[in-house]
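Student: I've got a new model open and would like to talk it through. Can we go over it together, piece by piece?

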Amino acid sequence: MGALRRIGTVYRVEITKAVRLKWSYVGPALVVVTVIGASFVRPVERDSVSDYDFIAYATTVSLNLVGMFFVLMYGAGLISSELSRGTARLAFVRPVLRREWLAAKTLLGVTYAAALVVCAAGATWLITVLFGEAEGVSFGGDIVHTGLDMSKTYLIALVLHLVPLFTAVAYAIMVSSLTRSTASAIGGAVGIWLVVDIVKHPLGAAPFVFSTYLERPWQVFLDRADGLSRAWAPDVYYTVGVSAAWFALFMVVSGLVLSRRNIGA
């Protein structure tokens, strides 16, 4: 319980610092702007035609492109920035272990990622409710999926999307722990991500890379928007299993690196 209290204390301090930084609001703002821009690419109208295609498009574009970029940048700066400024050692003046500090930093990154998801989902559904249609999927006058069914499907997809997204946070923090330069950490995190995303399919490694599962949950939502009834399994098991394995690996590496670093240097 003492460890949890210390992690909670450090986390509250980190949240307080993050709230005061203008940089923290850039990502959420651009995610919302991206959703608004998506409404021009996929127009939303009250024309008795469901706008679930817009909902899926706006959510995935805003999160998988803009949102992911900011998740990587934000996570990559969480530890490297404090190492470069020398402020990391101040955290250990109090009785806080390095792994507890790492846990608090990870919670901060996860909170930021969740905030981006909430902003994307909120903006998407607000536009749809105000200007479009989201009352279910019907064919030939028959309701195939009700509005409530589609809302539940969206919520499940959103929760499943968080699993690999949180793993991306752990990945960025691992890169952040490997260098004292914030610019190098951000460049490395984004660069490695792009390279892996390009080569994973040609190499046949896509099923074993967690980033592959950022889009998988939305296939169910899109299929149901088309009147189909695609099941969540087995994709849900792969999404959770692969992401959890990589998350654990990234956290272990980060912990080992920090345990051996000279924080005061």
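**Walking through the model**

Tutor: D47 counts as partly exposed because its relative accessibility is 39%, where partly exposed falls between buried (under 20% relative accessible area) and exposed (over 50%), using a 1.4 Å probe and protein chains only. Before we go on: this is a predicted model, where local features need pLDDT of at least 70, side-chain atom pairs count only at pLDDT 80 or more, and totals for chains, interfaces and linings use all residues. Residues are numbered from 1 along each chain as its sequence is written, and side-chain values use heavy atoms, with hydrogens and water left out.

Student: Where does D47 lie?

Tutor: Helices here are DSSP runs (H or I, at least four residues), numbered from the N terminus. D47 and R12 are 35 residues apart along the chain, and their C-alpha atoms are separated by 47 Å. As for its place, D47 sits in the loop between α2 and α3.

Student: On to α3: where is its kink centred?

Tutor: Helix α3 covers residues 52-85, 34 residues in total, and its first and last C-alpha are 47 Å apart, close to the expected 50 Å. That expected span is 1.5 Å times one less than the number of residues. The bend at a residue is the angle between axes fitted to the seven residues ending there and the seven starting there. In α3 the kink is about 40°, and its centre is G67.

Student: Which helix gives the largest share of the largest nonpolar core?

Tutor: Such a core is a set of buried Ala, Val, Leu, Ile, Met, Phe, Trp, Tyr and Cys residues joined through side-chain atoms within 4.5 Å. This one has 71 residues, and those touching the most other members include Y52, W193 and F221. Helix α3 is mostly covered, with 27 of its 34 residues buried. The largest share of the core is 16 residues, and they come from α3.

Student: Is A113 buried or exposed?

Tutor: A113 belongs to helix α4. Its C-alpha is 9.2 Å from that of G75, although the two are 38 residues apart along the chain. Since its relative accessibility is 0%, A113 counts as buried.

Student: And V41, buried or exposed?

Tutor: V41 is part of helix α2. Going C-alpha to C-alpha, V41 and A121 are 17 Å apart in space and 80 residues apart in sequence. With a relative accessible area of 52%, V41 is exposed.

Student: How far apart are the C-alpha atoms of L222 and Y52?

Tutor: L222 is in helix α7 and counts as partly exposed, because its relative accessibility is 30%. L222 and Y52 are 170 residues apart along the chain, and the separation of their C-alpha atoms is 7.6 Å.

Student: How much space lies in the largest cavity?

Tutor: On a 1 Å grid over the protein atoms alone, a cavity is a set of points where a 1.4 Å probe fits but cannot get out, and lining residues have an atom within 4 Å of a point. The lining here is L160, R216, P217, V220, W232, D235, V236 and T239. A search of the whole structure turns up one cavity of 30 Å³ or more. The space in the largest cavity is about 50 Å³.

Student: Which residues does the cis peptide bond join?

Tutor: Look in the loop between α7 and α8, where P234 lies. With omega at about 5°, the cis bond joins A233 and P234.

Note on methods. Helices (H or I, at least four residues) and strands (E, at least two) are DSSP runs, numbered from the N terminus. On a 1 Å grid over the protein atoms alone, a cavity is a set of points where a 1.4 Å probe fits but cannot get out, and a pocket is an open set with protein on both sides within 12 Å along at least five of seven lines; lining residues have an atom within 4 Å of a point. Grid points are joined across faces, edges and corners, and a volume is the space filled by probe spheres set on the points.
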